[in-house]
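Please walk through the sheets, the helix packing and the cysteines of the structure shown here.

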Amino acid sequence: AVLGRFPGLSQVTVIAREDRPGDKRLVAYLVAGSGGRAVDIEALRAHAAGLLPEYMVPSAFVVLDGLPLTGNGKLDRRALPAPARPVSGSGREPRNTCEEVLCGLFADALGVPVVGIDDNFFTLGGHSLLATRLVSRIRSVLGAELVERTVFEAPTVAALAERVATAGAARAALTAVERPELIPLSPAQNRLWFLNRLEESAATYVLPLAVRLSGQLDQEALEQALNDVVARHESLRTVFPEVDGKPRQLILEPRRVRLGLPVVQVAEAELEDALRSASLATFDVTVDPPVRARLFATRPDHHVLLLLHHHIGNDGWSLAPLARDISVAYAARLEGRAPAWSPLPVQYADYTLWQRELLGT
C-alpha cells in the first residue's frame, strides 16, 4: 500500500522470497504507469524507508511490463522472477584499514565477491536481518558497539566507517559459561512458552521446512544424520518444564532424544495437501523436544523431507546452518562413520545467560 502511493506506478505487489536457504527477503514487483517514465528505484526506496519500519522495506525492487496472472486472473506468484544479482564493487576502494575490514564484512554478509566504499548495503540486497548480522560482525571484529539503525542511517562503507570511529567499545563477547542447576529462559523463549501454555493445541509457532530430495536415498543414513544434528545442537533437545512455578530449560541427553523418520507413501498430486496436513502438528514444549521429521516418498528416487520445528527451539536464521549440518552428517553416514565436526563453542543456553547478565535480569 505504501509503495502504491509513489507517483508513476500502476501496479505493485510485494512477496517474501527465499532464493537462498535461510535468507528470506521482501521483494517488490512494480509496473510503471501509462506515461512510460522510468521508475526511480532509489527515490522509491527512500519513500518506503520514510514510512515503514526497517524490516518492512523491500530489499529488492523488480520492474515488470505487467504482473503475471493465472488463468483465473489472480496473481501468479510462481511466475514472478527472482531479482537479478546486484552489481557490486563499484566506486572507490578502501582508504584505510577500517574501510578495508568493513568492505570484507559487507561482502560476507551480502554474499557478493567485492564491495566498494560507496556501494549501498541495501541496494546490494541487504535487509534488516542482514543488517543485524553485519552489526554483530562489526562488534566482534572491530570491537565497536553499533545498533542496527546505524546501518540504515549510514548504509555505505565510507559512511559507516565514520560511525565506527566514534562508537563506544563493544559489549562483552558471548562465551560458554558455567551453568546454574536451573537454567532460565531467554525473553523470547518466555514469550513462546507462555503462548504455548495458553494455546497448546495451535500450530501457530511451528516452522515447517520441506526439502525435495532427488536420486537414490539411504533412509537409514539420513535418520542417523538427523540424530547426529540433534546431538550437536542442544536447542533441538531442550524442553521447558515448570519448576517451582517458573519455566526452566532442561537439556536432554542425546540418548534420550531419538528422532524417528517415518516414511509416508504419497502420490505427487497429493503431496502438497499431505505436507500441509502434517505441518499442523502441535508441540507441548514442557515435554516435547522442538523438532520432528517425516519423509514423504512419491517415487523410489523422489522424496520430500519435512522437518517441523517449534519456534522456541529454532528460527529462520538457523535453517541454513541446520541444512548444512544435516548435509555434512549425511555424507559421513553414507561412508559408515559419524561426522567429524568440532564441538560448538557456545550453545543457546550460554546465550541466554549472557543476555540476562547483559540486561541485568
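Four strands form an open sheet in the order S6-S13-S12-S11, and their pairing is mixed; two strands count as paired if DSSP finds at least two bridges between them, and the elements themselves are DSSP runs numbered from the N terminus, with helices being H or I runs of at least four residues and strands E runs of at least two. The edges are held by strand S6 (206–214) and strand S11 (263–265), each of which has a single partner strand, so one side of each is left without a neighbour in the sheet. From one strand to the next the twist averages 25°, where axes are lines fitted to C-alpha atoms, for helices over the stretch in contact, and angles between N-to-C directions run from 0 to 180 degrees. S6 and strand S13 (residues 302–310) run antiparallel and are joined by nine bridges, and within this pair Leu207 has His309 of S13 as its bridge partner.

This is a predicted model, in which local features need pLDDT of at least 70 and side-chain atom pairs count only at pLDDT 80 or more, while totals for chains, interfaces and linings use all residues. Residues are numbered from 1 along each chain as its sequence is written, and side-chain values use heavy atoms, with hydrogens and water left out.

A further open sheet has three strands in the order S1-S2-S3, again with mixed pairing, and its edge strands, strand S1 (9–20) and strand S3 (60–64), each pair on one side only. Neighbouring strands of this sheet are turned against each other by 30° on average, direction ignored. Nine bridges join S1 to strand S2 (residues 23–32), and the two run antiparallel; Ala16, for instance, has Leu26 in S2 as its bridge partner. Helix H1 (residues 41–51) packs on this sheet and touches S1, S2 and S3, its direction making about 130° with that of S3; contact here means heavy atoms within 4.5 Å.

Turning to the helices, two packed helices are described by the angle between their axes and the distance between the axes. Helix H2 (residues 97–110) packs with helix H3 (residues 128–142) at an angle of about 140°, the axes being 10 Å apart, and the crossing is right-handed, a term used when the near helix is turned clockwise from the far one by less than a right angle, left-handed being the anticlockwise case. H2 also packs with helix H5 (residues 157–166), at an angle of about 120° and with the axes 9 Å apart, which makes H2 oblique to H5; angles under 35 degrees count as roughly parallel, over 145 as roughly antiparallel, 65 to 115 as roughly perpendicular and the rest as oblique. The contact is made by Cys98, Glu99, Leu102, Cys103 and Phe106 of H2 together with Val157, Ala158, Leu160, Ala161 and Val164 of H5.

Elsewhere, the axes of helix H7 (residues 219–232) and helix H9 (residues 319–334) come within 8 Å and cross at roughly 130°, and H7 and H9 are therefore oblique to each other. Their crossing is right-handed.

How many disulfides are there? With a disulfide taken as a pair of cysteine sulfur atoms within 2.5 Å, the count comes to zero. The sulfur of Cys98 lies 9.6 Å from the closest cysteine sulfur, that of Cys103, which is too far for a bond.
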